[in-house]
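Here is a short briefing to read alongside the sequence and the 3D view. Please keep both open as you go through the points.

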Amino acid sequence: MKKFLQGRVAIVTGAGSGLGREHALALAKYGARVVVNDFKGNGPGTPGRAVADLIVAAGGEAIADGADVTDAGQVEAMVAAALAQWGRVDILVNNAGILRDRSFAKMSVDDFRAVLDTHLIGALNCTKAVWEQMRTQKYGRIVMTTSSSGLYGNFGQANYGAAKMALVGLMQTLALEGEKYDIRVNCLAPSAATAMTQGVLAPEALALLDPAAVSPGLVALVGENAPSRTILLAGAGSFEAANITMTQGVFVGDVEDPVAHICARFGDIQDRRGETVPGSGWEQYKLELAKAQGDLAQGAATAAAPG
């Protein structure tokens, strides 16, 4: 086994199958001790136990855990078990998820809430449970599983897309708050053939989208020299980065009809030349104030000019 993550302790949620299974196996391959979480339980014959047994058989260390990520108490007990077993938690991979796909017109509020509860509140519960430990030990690596459905939209997935984009917002703020404690928080947007994609893609496409091809990106996001605030896209052996950017936009100012000016200049507002990736939400304020103050200064200079 390679030692890239030697001595690190990782929790992977939804690790009994699909992407989570491959993530757990890859983390163990690179030396991490792994808590294999799967809501179906941790007894003999359960998916989580089977993955943990594979890791142990290969010479690694793993325990299975059956916590439901939507239950904060069960999640806290899972983290306590990891601490009792190994004394620390270094890595959290928030991978557990479900689908309840329907067009928005046909989607029930219950189906919307169920997806939010598993993806967003589940990640919240798990992150909250490890956060203080990571702050105390001044080290942590957390990965949220986002999706192109959240980043770019996807028909029939209003609930899933909303949850996945919410995880990006959670990541952005936690990365800022965790920086001084060396807690690095990132997002992974996978393209993979899993139980959630069966019947959606053609068989030949599914064959290329082996979940195992995504996991190297996950391992890179949790290493000692990992980035923070990165949205890593991964699929079929390819890796890209997504960014939420801000254009330079236009300054309309105090004109008689600002709405008309905005409508007439949407092309300029959307022009991506010179766009930036803001370091925080305050960058929007700074850009807009700079343009407004620049306009005031220019107006004052014009008024003071002779003639």
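What follows covers the overall layout, the enclosed and open spaces, and one charged side chain.

This is a predicted model, and its protein has 307 residues, with buried residues making up 40% of them. Its secondary structure comes to 11 helices and eight strands. Along the principal axes, the C-alpha trace spans about 90 × 45 × 35 Å.

**The enclosed space**

- Rolling a probe the size of a water molecule over the atoms shows where empty space is left.
- With a threshold of 30 Å³ or more, the count of cavities comes to one.
- About 70 Å³ of space lies in the largest cavity.
- If you would like to find this cavity in the viewer, look for Asn94, Asn95, Ala96, His119 and Ala123, which lie nearest its centre among the 13 residues of the lining.
- Two helices, H4 (109–137) and H6 (158–178), each supply at least two residues of that lining.
- Helix H4 provides the largest share of the cavity lining, with five residues.
- Sorted by class, the lining of the largest cavity has seven polar residues, five nonpolar residues and one charged residue.

**The second largest pocket**

- This pocket holds about 310 Å³ of space.
- Its lining is made of 15 residues, and those nearest the centre are Gln172, Arg229, Ile244, Pro278 and Ser280.
- Helix H6, which also supplies at least two residues of the cavity lining, gives the most to the lining of this pocket, with three residues.
- By class, the pocket lining has seven nonpolar and seven polar residues, along with one charged residue.

**A buried arginine**

- Arg33 is worth a look in the viewer, and you will find it in strand S2, which covers residues 33–37.
- Is Arg33 buried or exposed, and what is the nearest side chain of opposite charge?
- Arg33 is buried, and the nearest side chain of opposite charge is Glu61, 4.5 Å away.
- Arg33 has no salt bridge, because a salt bridge needs a side-chain nitrogen of Lys or Arg within 4 Å of a carboxyl oxygen of Asp or Glu.
- The side chain of Arg33 does have a polar atom that lies 2.9 Å from the backbone oxygen of Gly7.

How values were computed: Residues are numbered from 1 along each chain as its sequence is written. This is a predicted model: local features need pLDDT of at least 70, side-chain atom pairs count only at pLDDT 80 or more; totals for chains, interfaces and linings use all residues. Side-chain values use heavy atoms; hydrogens and water are left out. On a 1 Å grid over the protein atoms alone, a cavity is a set of points where a 1.4 Å probe fits but cannot get out, and a pocket is an open set with protein on both sides within 12 Å along at least five of seven lines; lining residues have an atom within 4 Å of a point. Grid points are joined across faces, edges and corners, and a volume is the space filled by probe spheres set on the points. Helices (H or I, at least four residues) and strands (E, at least two) are DSSP runs, numbered from the N terminus. Ala, Val, Leu, Ile, Met, Phe, Trp, Tyr, Cys and Pro count as nonpolar, Asp, Glu, Lys and Arg as charged, and the others, Gly among them, as polar. Buried means under 20% relative accessible area, exposed over 50%, partly exposed in between (1.4 Å probe, protein chains only). Lys and Arg count as positive and Asp and Glu as negative; His and the chain ends are not counted. A polar contact is a pair of N or O atoms within 3.5 Å; within protein, one must be able to donate a hydrogen and the other to accept it, and residues adjacent in sequence count only if both atoms are side-chain atoms.
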